[in-house]
Amino acid sequence: MGKFVLKTDSVNKIINIELEGTFSNEDGLKSIQAYQQTVNPITPSEYALQIDCRKLNVTAPDVVPLLEGCFVMFKADGFEKVSLTLENNPILKMQLARLGRKAGLENLEITSTVSA
């Protein structure tokens with residue numbers, strides 16, 4: 001089951017999202033609803049979007065279209081910058097980078113961290 005936490009940092013103009021586990025289509029739809037409720041009251045072009053994917057598993061093929069829709073939504077919302085942080089997971093990094101390119105998300109930055 002996928003879990004998500006959304007937090008708005010109004011002072012620093014950052015939306016933080018933490019993702020964890022394996023998302024089903026249902027989990028994805030719930031996270032999108034929460035995201036839209038978080039983003040509606042702000043002006044996304046004034047904010048950076050920081051997504052913590054360190055505990056996220058590689059997305060199953062049947063959920064990939066939903067994830068791709070998220071990237072398209074991030075682009076449409078016009079965030080100043082979109083940053084993804086991953087553990088050292090080359091497969092997930094390739095998957096997310098490919099989806100970001102496909103969605104035309106030019107301000108996407110993917111950082112891999114190595115846990116000790």
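**Exercise 1. Aromatic pairs**

Determine how many aromatic pairs the structure holds, and describe those that involve Phe74.

*Solution.* Step 1. The count for this structure is three aromatic pairs; the model is a predicted one.

Step 2. One of these pairs consists of Tyr35 and Phe74, whose ring centres are 5.4 Å apart and whose planes meet at 65 degrees. An angle over 60 degrees counts as edge-to-face, and this pair is accordingly classed as edge-to-face.

Step 3. Locate the two partners. Tyr35 belongs to helix H1 (residues 25-39) and Phe74 to helix H2 (residues 64-77), so the pair ties together parts that are 39 residues apart in sequence. Both Tyr35 and Phe74 are buried.

Step 4. Phe74 also pairs with Phe71, again edge-to-face, with 6.1 Å from centre to centre and 70 degrees between the planes. Phe71 and Phe74 are both in helix H2, three residues apart, which is about one turn of the helix. In general, an α-helix has 3.6 residues a turn, so residues three or four places apart point the same way. Phe71 is buried, as is Phe74.

Step 5. Taken together, Tyr35, Phe71, Phe74 and Phe79 make up one aromatic cluster.

**Exercise 2. The geometry and surroundings of helix H2**

State what span helix H2 reaches, which of its residues are buried, and what these pack against.

*Solution.* Step 1. Helix H2 comprises 14 residues. From its first C-alpha to its last it reaches 20 Å, close to the 20 Å expected at 1.5 Å a residue.

Step 2. The buried residues of H2 are Val64, Leu66, Leu67, Glu68, Cys70, Phe71, Met73 and Phe74.

Step 3. These buried residues pack against two helices, H1 and H3 (90-102). They also pack against the strands S3 (48-56), S4 (81-87) and S5 (108-113).

Step 4. Examine the end of the helix. Just after H2, Gly78 adopts a positive phi of about 75 degrees.

**Exercise 3. Cysteines and disulfides**

Explain why Cys53 and Cys70 are not joined by a disulfide.

*Solution.* Step 1. The cut-off for a disulfide is a pair of cysteine sulfur atoms within 2.5 Å.

Step 2. For the sulfur of Cys53, the closest cysteine sulfur is that of Cys70, at 11 Å, which is too far for a bond. For Cys70 the closest cysteine sulfur is in turn that of Cys53, also at 11 Å.

Step 3. The count of disulfides is therefore zero.

Step 4. Consider the accessibility of each residue. Cys53 is buried, with a relative accessible area of 3%, and Cys70 counts as buried at 13%.

**Exercise 4. A hairpin of two strands**

Establish how strands S1 and S2 are joined and in which direction they run.

*Solution.* Step 1. Strand S1 (residues 3-9) and strand S2 (residues 14-21) run antiparallel and are joined by seven bridges.

Step 2. Asp9 stands opposite Ile14 in S2.

Step 3. The two strands form a hairpin with four residues between them. In the turn, Lys13 has a positive phi of about 55 degrees.

**Exercise 5. The environment of Asp52**

Decide whether Asp52 is buried or exposed, and identify its contacts.

*Solution.* Step 1. Asp52 is located in strand S3.

Step 2. Its relative accessibility is 18%. Buried means under 20%, so Asp52 counts as buried.

Step 3. The side chains of Asp52 and Arg54 are joined by a polar contact of 2.6 Å.

Step 4. Leaving aside neighbours within four places in sequence, Asp52 is in contact with Ile17, Glu18, Leu19 and Thr85.

Methods: Residues are numbered from 1 along each chain as its sequence is written. This is a predicted model: local features need pLDDT of at least 70, side-chain atom pairs count only at pLDDT 80 or more; totals for chains, interfaces and linings use all residues. Side-chain values use heavy atoms; hydrogens and water are left out. Rings of Phe, Tyr and Trp (its six-membered ring) pair if their centres lie within 6.5 Å; planes under 30 degrees apart count as stacked, over 60 as edge-to-face and the rest as tilted. Buried means under 20% relative accessible area, exposed over 50%, partly exposed in between (1.4 Å probe, protein chains only). The expected span of a helix is 1.5 Å times one less than its number of residues. Contact means heavy atoms within 4.5 Å. Two strands pair if DSSP finds at least two bridges between them. A polar contact is a pair of N or O atoms within 3.5 Å; within protein, one must be able to donate a hydrogen and the other to accept it, and residues adjacent in sequence count only if both atoms are side-chain atoms.
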